[in-house]
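I opened this model to look up its helices, its buried residues and its surface. My notes follow the structure.

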Amino acid sequence: MTHDELLKRLLEQDRTAQKWLYDHYSPLMFSVCRRYLRSREDAEEALVSGFFKVFSQIDRYAGTGSFEGWVRRIMVNESLMALRKTQLLTFPGEEDKIANLSDHFNIEADISAREIIDILDQLPPGYRTVFNLYVLEGFKHHEIADLLGVSINTSKSQLVLAKEKLRNLLKAKGY
């Protein structure tokens, strides 16, 4: 099935096309949701809600940019909404605490995806959310600030603090 055929069938609410899309994208999109949400159940709920939005709002996909990117954006937004419902998004350690921290971050060791998720789960929700949005999703600080309702400086400080915390967690695990 071509991309255009798939979109046409999705617009017609074709259940076979919806199942194909879910089967094809759900593993990747679950991992997106899981990066933001600590509990597997919360991530599954965000995934299902996200796919419901994809199917019910398929007419909003303008055809510009990547379809996968459009679906991913919906999953990120659903994850952020779930995060707001289940956890207080706190942003500890403002700018005055980060003056002496480096913004260089590299993982050179061979680390598994499971280990990365486990380490991300140890971050406070604010750190984890900003880190995911900036590093993994490619959002800019002003976009993160708008999404989360915080200042650009808070977004920047949370990223630096998240990287420092990750660096310490990785060192403690021998990486």
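These entries go from the whole chain to one helix and then to a surface patch.

Entry 1, the chain. I am working with a predicted model. I looked up the secondary structure and found 8 helices and 0 strands in the protein chain. Read along the sequence, I noted the pattern α-α-α-α-α-α-α-α.

Entry 2, burial and contacts. I checked the 175 residues of the protein chain, and 43% of them count as buried. I then took the contacts between residues at least 6 apart in sequence; 74% of these join residues at least 24 apart. For the surface I noted about 9,700 Å² exposed by the protein chain, with 51% of it supplied by carbon and sulfur atoms.

Entry 3, helix α7. I looked up which residues of α7, residues 141-148, are buried, and listed H141, I144, A145 and L148. They lie on the same side of α7, because they cover an arc of only 100° around the axis. I then looked up what the buried residues of α7 pack against: α4 (67-86), α6 (125-136) and α8 (152-172). Just after α7, I noted a positive phi of about 70° at G149.

Entry 4, a surface patch. I found a nonpolar patch on the surface formed by Y134, V135 and L136. Together these residues have about 220 Å² of accessible area. I located V135 in helix α6. Is V135 buried or exposed? I recorded V135 as partly exposed, because its relative accessible area is 38%, between the cut-offs of 20% and 50%.

Note on methods
Residues are numbered from 1 along each chain as its sequence is written. This is a predicted model: local features need pLDDT of at least 70, side-chain atom pairs count only at pLDDT 80 or more; totals for chains, interfaces and linings use all residues. Side-chain values use heavy atoms; hydrogens and water are left out. Buried means under 20% relative accessible area, exposed over 50%, partly exposed in between (1.4 Å probe, protein chains only). Helices (H or I, at least four residues) and strands (E, at least two) are DSSP runs, numbered from the N terminus. The arc is that of the directions from the helix axis to the C-beta atoms. Contact means heavy atoms within 4.5 Å. Accessible areas come from the Shrake-Rupley method with a 1.4 Å probe; for residues, only the protein chains shown count as cover. Patches are made of residues with over 30% relative accessible area and no salt bridge: like charges are joined within 9 Å, nonpolar side chains (Val, Leu, Ile, Met, Phe, Trp, Tyr) within 5 Å. A salt bridge is a side-chain nitrogen of Lys or Arg within 4 Å of a carboxyl oxygen of Asp or Glu.
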